[in-house]
Amino acid sequence: MSYTKITQEEAKKLMDERDDILIVDVRNPEEYAQGHIPGAINVPNPSITNREIPELPDKNQELLIYCRSGQRSKIAGKKLAVLGYQNIKDFGGIMDWKYEVE
């Protein structure tokens, strides 16, 4: 399947080593505004339906997804896989993130 769960350490390593990865925050816009991982775009989980997602035009793009606790990112990751996204890595929730937040 195109959806995999990775550790936050693995996600941070990918963020540090590569610039071709898209970081996707699936929390609501209010949560995102309160603080998010640098460079992350906001695509709220409820907006991921059966339509095309303008913010995510390339279904082969490597996506690192997260939410607050890991529940919504798991749901969003599976929905994205059904929509045909090929390279989804879920690293859980920002409440456990011990690195930079902006």
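## Salt-bridge exercises

The side chains of Glu31 and Arg72 form a salt bridge, with N and O 2.8 Å apart. A salt bridge here is a side-chain nitrogen of Lys or Arg within 4 Å of a carboxyl oxygen of Asp or Glu. This is a predicted model: local features need pLDDT of at least 70, side-chain atom pairs count only at pLDDT 80 or more, and totals for chains, interfaces and linings use all residues. Residues are numbered from 1 along each chain as its sequence is written, and side-chain values use heavy atoms, without hydrogens and water.

**Exercise 1.** Place Glu31 and Arg72 in the chain, then classify each as buried or partly exposed.

*Solution.*
- Step 1. Glu31 lies in helix 2 (residues 29–34) and Arg72 in helix 3 (residues 71–82). Helices are DSSP runs (H or I, at least four residues), strands likewise (E, at least two), numbered from the N terminus.
- Step 2. The pair is 41 residues apart and links distant parts of the chain.
- Step 3. Buried means under 20% relative accessible area, exposed over 50%, partly exposed in between (1.4 Å probe, protein chains only).
- Step 4. Glu31 has 16%, so Glu31 is buried. Arg72 has 26%, so Arg72 is partly exposed.

**Exercise 2.** Find the N to O distance between Arg18 and Glu62, and locate both residues.

*Solution.*
- Step 1. The closest N and O atoms are 2.6 Å apart.
- Step 2. Arg18 sits in the loop between helix 1 (8–17) and strand 2 (22–25). Glu62 sits in the loop between strand 3 (41–42) and strand 4 (63–67).
- Step 3. Arg18 is partly exposed at 32%; Glu62 is buried at 8%.
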